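Happy to walk through this one with you. Have a look around first, and then we can talk about how to read it.

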Number of protein chains: 2
Amino acid sequence: MNLRELSEQLGLSQTTVSRALNGYPEVSEATRKRVQDFAEAHQYRPSQRAQSLATGKSMQIGHVIPFSTQHEMVNVVFADFIAGAGEVYAKHGYDMLLSVVNDHDEVQAYSELAQKGSVDGVIVHGPTRDDPRIALLQELDMPFFVHGRATDVGTPYNYLDVNNTRAFGRATEFLLDLGHRRIALINGLERMDFARRRREGYEDALRAAGIALDPAIMRSDEMTEPYGHAVTKELLAMDDAPTAFIASSIISALGVRRAIEERGMSVGKDVSIICFDDAISYMPNGAGEPIFTATRSSVRDAGRRCAELLISLIKDPDAGPVAELWEAELVVGQSTGPAPNRDAVSKSPKA
Amino acid sequence: MNLRELSEQLGLSQTTVSRALNGYPEVSEATRKRVQDFAEAHQYRPSQRAQSLATGKSMQIGHVIPFSTQHEMVNVVFADFIAGAGEVYAKHGYDMLLSVVNDHDEVQAYSELAQKGSVDGVIVHGPTRDDPRIALLQELDMPFFVHGRATDVGTPYNYLDVNNTRAFGRATEFLLDLGHRRIALINGLERMDFARRRREGYEDALRAAGIALDPAIMRSDEMTEPYGHAVTKELLAMDDAPTAFIASSIISALGVRRAIEERGMSVGKDVSIICFDDAISYMPNGAGEPIFTATRSSVRDAGRRCAELLISLIKDPDAGPVAELWEAELVVGQSTGPAPNRDAVSKSPKA
DNA sequence: CACGTCATCCAAAGCGCTTTGGGTGCGATT
DNA sequence: AATCGCACCCAAAGCGCTTTGGATGACGTG
């Protein structure tokens with residue numbers, strides 16, 4: 001059933017039917033009702049294809065997700081961000097277009113989406129420090145919203161970011177206050193802006209406390225469980241082993257915990273862990289009594305908010321650049337405790 | 001730049017330009033080359049909107065992901081499936097359309113996608129036993145592919161599933177062979193077909209070994225880490241505590257492990273764990289030495305394969321129903337070992 | 001009573017492609 | 001010389017909507 005058939009059966013012009021369905025005022029309420037009821041009864045839905053060709057809007061928002069053939073890692077937080085954003089899209093009549101591309105084609109993927117006109121706007125995920133996508137999208141005149149920040153990009157752009165520097169600054173201070181002096185950093189890949197910022201927060205806090213940085217206990221890689229485990233195992237074997245770990249993800253923190261327990265040590269007693277908690281739905285960090293002490297910020301909420309802001313930006317492209325910075329919440333769980341007496345610790349391992 | 005402008009500048013008709021670009025034979029190689037070079041130089045890309053209106057194909061494949069306001073859980077394996085499928089879509093020139101809908105609107109979401117004509121086919125995720133979506137999609141005459149199975153649906157349909165019954169059957173047998181007699185099942189939600197099948201596999205194996213089923217140690221819920229932890233904590237406190245656990249997900253297995261270790265027991269020695277491992281990218285179960293003994297089947301590969309099959313189905317809708325059943329691989333890791341002497345175990349807890 | 005104002009409705013022109021159903025000119029065939 | 005086949009190209013008709021620029025009456029007004 002298409003518009004023409006519908007209008008013929010109703011004995012009205014396509015114009016009137018279209019207007020009746022789209023809420024234009026040039027049609028009497030009686031007619032509108034008749035049209036709407038008839039359309040409903042016949043399960044009529046305008047063809048998205050035709051509609052978007054006629055209006056010049058696709059009512060779709062693009063997300064480009066890069067995949068690498070080397071490390072097949074999918075961003076841990078991706079699913080939850082998508083869920084949040086998708087929820088908002090649905091509410092506003094938008095759909096989400098996901099484009100999975102080889103990572104070195106990622107930049108080109110955006111031009112393609114723009115030129116093919118398949119989306120009205122895009123979300124930029126996982127920005128690097130000097131992310132080339134931002135300049136590209138500005139040049140293409142495609143509305144976009146960045147989840148995160150690209151610190152080295154000079155021009156203003158729309159973003160929503162968590163204050164990662166502050167989050168890891170606070171996490172570090174929290175451990176320092178507990179008496180820890182040897183604090184390891186298990187970071188994500190440092191080409192990601194967020195990871196760099198987290199390191200800076202960590203470094204600032206240590207410096208402020210007059211503690212020298214030790215590259216040996218500052219690590220960075222993909223945030224998997226095995227990575228957290230492997231690196232922790234290695235660090236705990238050091239003569240001057242850390243008494244606390246800061247992990248960039250709850251996933252790598254799980255690996256950290258496993259390594260600690262394998263060594264026969266107790267988390268929160270012998271060794272402390274604090275991590276960044278994105279409030280991933282299937283990895284809830286306990287509502288009542290958090291497993292991990294963490295700096296928390298819901299990535300699903302971020303997805304919702306980014307979507308909301310991008311949509312309003314599409315509707316009003318001249319609205320000034322939007323920038324939001326969320327502070328992560330510090331939740332205290334079971335994984336942290338006072339720094340142990342150093343001698344006691346170095347004797348304790350039984351494995 | 002659109003077709004008309006392009007053809008004007010080239011001094012050719014739109015027809016010829018279109019044919020040159022789309023590889024039709026009615027155009028000389030010289031002209032084709034000239035057109036292609038010119039199009040390339042001017043970054044011309046046909047409007048997806050117009051193209052799909054003209055051809056009647058949208059070159060998009062739909063995925064409906066339900067979200068519930070009650071439990072905000074996003075399917076754990078979702079991201080990896082998507083990554084696999086998206087990779088294949090990209091290769092064939094398709095895009096992925098994600099529709100996030102409230103779970104009770106899910107069925108309607110499919111009709112909408114079909115009637116709006118925004119997709120050429122859909123993937124059905126997480127089928128239940130008697131999944132209504134299958135009948136609906138057949139009625140709508142929309143090509144679809146099911147990831148999983150809907151056991152109670154009578155009509156044939158296209159699916160790819162893992163042999164879940166066999167997987168958990170083998171897992172259970174493996175534990176029985178190790179001497180375990182008290183084996184707990186930490187399943188996913190049993191309205192999911194896969195969970196029911198896994199339970200059946202578990203039950204069959206126990207029955208075959210002449211062991212009575214005990215509902216007290218057969219649990220089912222969302223597969224989160226805290227759930228695995230909570231239920232294990234409870235079960236280990238029983239007088240007749242299980243000596244082994246079978247978990248439906250590596251995520252809940254992490255919770256199981258935590259509860260075991262909290263109790264001061266050793267995984268793979270005092271208590272064994274075996275789980276289903278979907279080979280999630282950020283939860284790799286060790287390439288060399290798996291953390292968990294598991295029945296493994298890559299959900300990313302499943303995504304790839306479903307996409308591949310759906311696309312060929314779209315191209316040739318008359319191709320008979322496709323059904324594939326994959327056997328999960330049993331990988332032996334560190335989390336399983338011989339059943340301990342019962343008395344020794346019940347004395348061992350030190351927490 | 002003629003005229004302007006509304007409220008309703010419509011015909012037709014796009015949107016930017018693909019595709020049908022020819023044209024045209026050339027060398028080869030009869 | 002007339003005919004045919006072939007290679008190459010084109011005009012125009014859709015695809016199913018939205019939207020512009022009127023038409024058509026009914027009604028109130030001076």
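What follows is a short dialogue on confidence, the DNA surfaces and the contact between the chains.

Q: Before I trust any detail, what is the mean pLDDT of chain A?

A: Good place to start, as this is a predicted model. The mean pLDDT of chain A is 92, and 95% of its residues are at 70 or more.

Q: And where in chain A does pLDDT stay under 50?

A: That happens over residues 344-351 of chain A. For this stretch the model has 12 contacts beyond four places in sequence.

Q: Let's move to the DNA. How many residues surround DNA strand D, and which are the closest?

A: A residue is counted here if its C-beta atom lies within 6 Å of the strand. By that cut-off 25 residues surround DNA strand D, and the closest are A:Leu3, A:Ser18, A:Ala54, B:Thr15 and B:Ser28. The elements giving two or more residues to this surface are helix H2 (14-21) and helix H4 (48-55) of chain A, along with helix H2 (14-21) and helix H4 (48-55) of chain B. H4(A) has the largest share, 5 residues.

Q: What kinds of residues make up the surface near DNA strand D?

A: They divide into 14 polar, 9 nonpolar and 2 charged.

Q: Now the other strand: which residues come nearest to DNA strand C?

A: Of the 25 residues around DNA strand C, the nearest are A:Ser13, B:Leu3, B:Ser18, B:Ala50 and B:Ala54. Two or more residues each come from H2 and H4 of chain A and from H2 and H4 of chain B. Near DNA strand C, the largest share, 5 residues, belongs to H4(B). The division by type is 9 nonpolar, 14 polar and 2 charged.

Q: How do I read the interface: how many residues of chain B are in contact with chain A?

A: Contact between two residues means C-beta atoms within 7 Å. On that basis, 48 residues of chain B are in contact with 49 residues of chain A. Several elements of chain B give two or more residues to this side, including H4, strand S1 (60-67), helix H6 (106-116) and helix H10 (225-236). H5(B) gives the most, with 9 residues. By type, the side of chain B that touches chain A has 25 nonpolar, 13 polar and 10 charged residues.

Q: In which sense do strand S2 of chain A and S2(B) pair, parallel or antiparallel?

A: Strand S2 (residues 95-102) of chain A and S2(B) pair in the antiparallel sense, over 3 bridges. To find a bridge in your viewer, go to A:Leu98: its bridge partner in S2(B) is B:Met96.

How values were computed. Residues numbered from 1 in each chain as written. Chains lettered and ligands numbered in written order. Predicted model: local features only at pLDDT ≥ 70, side-chain atom pairs only at ≥ 80, totals over all residues. Helix = DSSP H or I, 4+ residues; strand = E, 2+ residues; numbered from the N terminus. Nonpolar A, V, L, I, M, F, W, Y, C, P; charged D, E, K, R; others polar. pLDDT = per-residue confidence, 0-100. Pairing = 2+ DSSP bridges.
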